[in-house]
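Got your viewer open? Let's take a walk through this one, stop by stop.

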Amino acid sequence: MTRAYSIDVKDVTAERERVNQDLSQVDISRVIRLDELDLAEMGPRDVRLRILAVSAEHNVDHAALADTVNIAELRGGKIYPGNSAVGEVMAVGAEVTRFKPGEIVVTHCNGAPDRFGFPKVIWAYDTPDSTGWYAEEAVVADWQIVPAPLHCGLNLWEIAALPLRAPTAYHLWRRAEGIFRVKVPEERLATLNVMGFGGGVSELFLMLARARGHNAYFCSGSPERRAALEAHGIVGIDQKAFNRFASREDSKGFVKEVRGLTGGEGMHVICDMLRGPLFNAGFAAASREGVIVSAGWQLSRDVGYNSAAASIKQITLDHTHYETLEGIEAATALYGSVFKPTIHSEIYAFEDLPRAMAEMHENSQIGIPIIRVAGDMPEAVAALIP
Ligand SMILES: NC(=O)c1ccc[n+]([C@@H]2O[C@H](COP(=O)([O-])OP(=O)(O)OC[C@H]3O[C@@H](n4cnc5c(N)ncnc54)[C@H](OP(=O)(O)O)[C@@H]3O)[C@@H](O)[C@H]2O)c1
C-alpha cells in the first residue's frame, strides 16, 4: 500500500457540475485527491521505486478537466496519474540486470511502443492498468526507467523537470529538422530560424535548436520565462503584446514582428504545443518550406488551414507523440549540456501537489513546477539539493 494521487470520474463530474460546465472555472485541486493504492506484485522484470520528486504535467490537467477525452471514465472510473519522476531503486526482480537497489533513475512514459518504437499509449494515462508516479512508491517494469544522469550539472529539481518534457522536445526536434532537411539541405541553408510558443516542452525544443547553432525565438506571455531563455541566447517575443492573437490585427502585428526579426524570411521551424490561435499565428509566421510540429493540443484539438497556401509555400505540418525508447536514452544524455530547464520558484510539498496542479492550470508559475515527494533523500542525491 502506498499513498498516491488519483482522479476519480465522480470528482470530475461533480466539479464540472459545480461550475455549470464552464471549464474556465474548474478548480483542479478539487479533482486530484490524495488516495491509497495497492502496489502490484513484483514480477521477475520489475523494479520497486521510492519516488523522490516529480514534475507537474499538463496531461493531468486534461484528465481533471476531461476536456479532450474523459480518461478517468474510459479507464473504468479512476486513474492514478503522474508520468514523470525521479526515483530510488528499492528492490529488483530476479531477472533485472540493469539496475540495483540504491540507484537513482528517471522514468519515461512510453506506455507501449509500436513496431517502430513510437508510443501507442502513454503510461498512467491511456495505458491499460498503468498506475502513475504521483505516489510515494511504485512498481515498474525495468524497461520503463533510465539511469538518472546525476553528474550532468543539473540539480535534483532540474533533473525532475525533464523525464517527460525532454524526450518530447527531442522527438519534436529530430522530426522537424529531418523534415526540413528533406526539403532544404544544410549546404543550401545552414542556420534556421526556429520558434516555439510558451511552455516547458517548447523551451527545451529551443535549447536544442540553439545548441545546434540555429536562431531561436521564444514567443511567450511570461516575462520571467522569456528572461530565463534570453540567458541562453534565445530571443523573446512578448505574446501578450499581440494579445495572444485574439484578433486579426494582433496576428498581423505578430507576423510583421517576425518578418522584422528574421530579415523578412519567417520561421523555418515552429513548435506549437497548444494549437488554438497559436496555430494560425504560427502558420502565418512560417517561412517558405517551413515545418510546424506539435505534440500537444492544450487550447484546441482541431486546426483549420488554407491547404493551397500550405502547398504553394511548401509548408509541412507534423504531429508527434513522445519518444521511442532509444530516443529517450538519447534525450537523457543531453540533460545539463543542452537541457537546462527553468524551475518554478516554489518546490511543492507532496501534500501540496493539488495546488501545484491548480497553479499550472492558472498559468501563474514562472518555470516547470516540481513536487518533492520524499522527505528523506538518499545520500546519492544529497549534493544535488539546492
Ligand atoms: N504528446 C506528448 O508527448 C506531450 C508531451 C508533453 C506535453 N504535451 C502537451 O503539450 C502541451 C504543452 O505542454 P508543456 O509541458 O510544454 O506545458 P507547460 O510547461 O505547462 O506550459 C504551458 C504553457 O502554455 C502557455 N499558455 C497557457 N495558457 C495559454 C493561452 N491561453 N494562450 C497561449 N498560451 C498559453 C503558457 O505559456 P506563456 O504564458 O509563457 O505564454 C504556459 O507556459 C500540453 O497540452 C501537454 O499535455 C504532450
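Which residues of the largest nonpolar core touch the most other members? Select Ala53, Val86, Phe205 and Ile371: these are the ones, in a core of 119 residues. Color that core by domain and you'll find at least three residues from each of domain 1 (2–164 + 324–332 + 342–382) and domain 2 (167–319). One thing to keep in mind as you click around: this is a predicted model.

**Stop 1: Val86**

Stay with Val86 for a moment and show what surrounds it. Not counting neighbours within four places in sequence, Val86 is in contact with Leu52, Ala53, Ile104, Val106, Ala148, Leu156, Ile159 and Ala160. That fits a general habit: in soluble globular proteins, nonpolar side chains tend to be buried together.

**Stop 2: zoom out**

Now show the whole chain as a cartoon. You're looking at 13 helices and 16 strands. The C-alpha atoms fill a box of roughly 60 × 50 × 40 Å along the principal axes. Is the radius of gyration what a compact globule would have, or does it disagree? A compact globule of 386 residues would come out near 21 Å, and the chain has 21 Å, so the two agree. As for burial, 48% of the 386 residues count as buried. Among contacts with a separation of 6 or more, 71% are between residues 24 or more positions apart.

**Stop 3: where the domains meet**

Give domain 1 and domain 2 separate colors; their C-alpha centres lie 28 Å apart. Where they touch, 13 residues of domain 1 are in contact with 13 residues of domain 2. On the domain 1 side, pick out helix 11 (residues 325–332), which gives the most to that surface, with four residues. Color that side by residue type and you get seven nonpolar, six polar and no charged.

**Stop 4: the ligand**

Center on the ligand next. Its shell holds 28 residues, and Gly198, Gly199, Gly200, Gly296 and Gln298 are the closest. Select helix 2 (58–65), helix 5 (165–183) and helix 6 (200–211), since each of them supplies at least two shell residues. By type, the shell divides into nine nonpolar, 16 polar and three charged. Bring back the domain colors: domain 1 and domain 2 each put at least three residues into this shell.

**Stop 5: helix 9**

Move to helix 9 (residues 277–285) and show Leu278, Phe279, Ala281, Gly282, Phe283 and Ala285, which are buried. What do they pack against? Display strand 9 (193–197), helix 8 (248–261), strand 12 (267–271) and strand 13 (286–294), and you have the answer.

**Stop 6: two positive phi angles**

From helix 9, step back into the loop that joins strand 12 to it, and you'll land on Arg275. Its phi is near 60°, a positive value in a residue other than glycine. Arg275 counts as partly exposed because it has 19 C-beta neighbours inside 10 Å, and 20 or more would make a residue buried. Then jump to Gln314, in the loop between helix 10 (307–313) and strand 14 (316–319). Gln314 is no glycine either, yet has a positive phi of about 60°. With 14 C-beta neighbours inside 10 Å, Gln314 counts as partly exposed.

**Last stop: Phe99**

Finish in the loop between strand 5 (85–92) and strand 6 (104–107), where Phe99 is found. Is Phe99 buried or partly exposed? Partly exposed, with 17 other C-beta atoms within 10 Å. Setting aside neighbours within four places in sequence, Phe99 is in contact with Val47, Val89, Val92, Val105, Asp142 and Ile145.

Notes:
Residues are numbered from 1 along each chain as its sequence is written. This is a predicted model: local features need pLDDT of at least 70, side-chain atom pairs count only at pLDDT 80 or more; totals for chains, interfaces and linings use all residues. A nonpolar core is a set of buried Ala, Val, Leu, Ile, Met, Phe, Trp, Tyr and Cys residues joined through C-beta atoms within 7 Å. A residue is buried if 20 or more other C-beta atoms lie within 10 Å of its own, exposed if 12 or fewer, and partly exposed in between; C-beta atoms are placed from the backbone. Domain bounds come from an automatic or database domain assignment. Two residues are in contact if their C-beta atoms, placed from the backbone, lie within 7 Å. A residue is near a molecule or strand if its C-beta atom, placed from the backbone, lies within 6 Å of it. Ala, Val, Leu, Ile, Met, Phe, Trp, Tyr, Cys and Pro count as nonpolar, Asp, Glu, Lys and Arg as charged, and the others, Gly among them, as polar. The radius of gyration is taken over C-alpha atoms; the globule rule is 2.2 Å times the number of residues to the power 0.38.
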